[in-house]
Amino acid sequence: MSNATDRKLLCEIFKSSRQDEMYLYVDKRNGMQDLPDALLEHFGKPEPVLTMILTADKRLSRAKAADVMAAIDEKGFYLQMPPAKEEYLLDLYRTPTRPSY
């Protein structure tokens with residue numbers, strides 16, 4: 001009998017049309033059909049990016065595959081938020097600038 005680490009999930013990944021670096025992972029068998037309306041409203045039009053087989057030990061860039069799989073099992077999706085901006089970069093936007101000629 002196989003254990004949880006041997007489990008495979010065919011996962012479809014979509015990018016948000018509203019926010020850079022926001023991605024939505026879903027089970028390809030279920031697709032987007034059971035996702036909450038509020039999520040889709042916030043996410044915007046899903047743009048397909050990739051279909052992949054997830055296993056618990058698969059390396060992902062900004063999430064643990066086991067966490068992604070658990071969220072899909074529990075909620076039907078995993079929402080990957082954009083990375084936090086570095087504080088010093090945010091300061092550039094907060095600092096008022098005055099043109100000097």
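Where in the chain is the place of Glu21? Glu21 sits in the loop between β1 and β2. I start there because its backbone stands out against a general rule: most residues other than glycine have a negative phi. Glu21 is not a glycine, yet its phi is positive, at about 65 degrees. As for exposure, Glu21 counts as partly exposed, because its relative accessibility is 37%.

Before going on, a reminder that this is a predicted model.

Now the overall layout. The protein chain has three helices and four strands. Reading from the N terminus, the order of elements is β-β-α-β-α-β-α. Of the 101 residues in the protein chain, 29% are buried. The chain exposes about 7700 Å², and carbon and sulfur atoms supply 51% of that area. On contacts: taking those in the protein chain with a separation of 6 or more, 56% are between residues 24 or more positions apart.

Next, the sheet. The four strands form an open sheet in the order β3-β1-β2-β4, and the pairing is antiparallel. At the edges are β3, residues 47-55, and β4, residues 78-80, each of which pairs on one side only. On average, neighbouring strands of this sheet are turned by 25 degrees against each other, direction ignored.

Within the sheet, take the two strands on either side of the Glu21 loop. Strand β1 covers residues 8-15 and strand β2 covers residues 23-27; five bridges pair them in the antiparallel sense. As an example of the register, Cys11 has Asp27 in β2 as its bridge partner.

What lies across the sheet strands β1, β2, β3 and β4? That is helix α2, residues 65-75, which runs at about 105 degrees to β3.

That brings me to the packing. In soluble globular proteins, nonpolar side chains tend to be buried together. Here the largest nonpolar core has 14 residues. The residues with the most contacts inside this core are Cys11, Tyr25, Leu54, Leu60, Val68, Ile72 and Tyr78. Three elements, β1, β3 and α2, each supply at least two residues of the core. Helix α2 gives the largest share, with five residues.

Val68 is a useful one to click on. Leaving out residues up to four places away in sequence, Val68 touches Tyr25, Leu54, Leu60, Ala63 and Tyr78.

There is also a second, separate core, of eight residues. Among them are Met22, Leu35, Phe43 and Phe77.

Back to the two tyrosines that Val68 touches, Tyr25 and Tyr78. How many aromatic pairs does the structure hold? The structure holds one. The pair is formed by Tyr25 and Tyr78, and its geometry is edge-to-face, with 5.6 Å centre to centre and 75 degrees between the planes. In sequence the two are 53 residues apart, with Tyr25 in strand β2 and Tyr78 in strand β4, so the pair links distant parts of the chain.

Are these two tyrosines buried or exposed? The cut-off for buried is under 20% relative accessible area. Tyr25 has 7%, so Tyr25 is buried. Tyr78 has 18%, so Tyr78 is buried as well.

To recap, the points to look at on screen are these. The sheet has the order β3-β1-β2-β4, and helix α2 lies across its strands. The largest nonpolar core takes five residues from α2. Tyr25 and Tyr78 make the edge-to-face pair. Finally, Glu21, in the loop between β1 and β2, has the positive phi.

Conventions
Residues are numbered from 1 along each chain as its sequence is written. This is a predicted model: local features need pLDDT of at least 70, side-chain atom pairs count only at pLDDT 80 or more; totals for chains, interfaces and linings use all residues. Side-chain values use heavy atoms; hydrogens and water are left out. Two strands pair if DSSP finds at least two bridges between them. Axes are lines fitted to C-alpha atoms, for helices over the stretch in contact, and angles run from 0 to 180 degrees between N-to-C directions. Contact means heavy atoms within 4.5 Å. Buried means under 20% relative accessible area, exposed over 50%, partly exposed in between (1.4 Å probe, protein chains only). Accessible areas come from the Shrake-Rupley method with a 1.4 Å probe; for residues, only the protein chains shown count as cover. Rings of Phe, Tyr and Trp (its six-membered ring) pair if their centres lie within 6.5 Å; planes under 30 degrees apart count as stacked, over 60 as edge-to-face and the rest as tilted. A nonpolar core is a set of buried Ala, Val, Leu, Ile, Met, Phe, Trp, Tyr and Cys residues joined through side-chain atoms within 4.5 Å.
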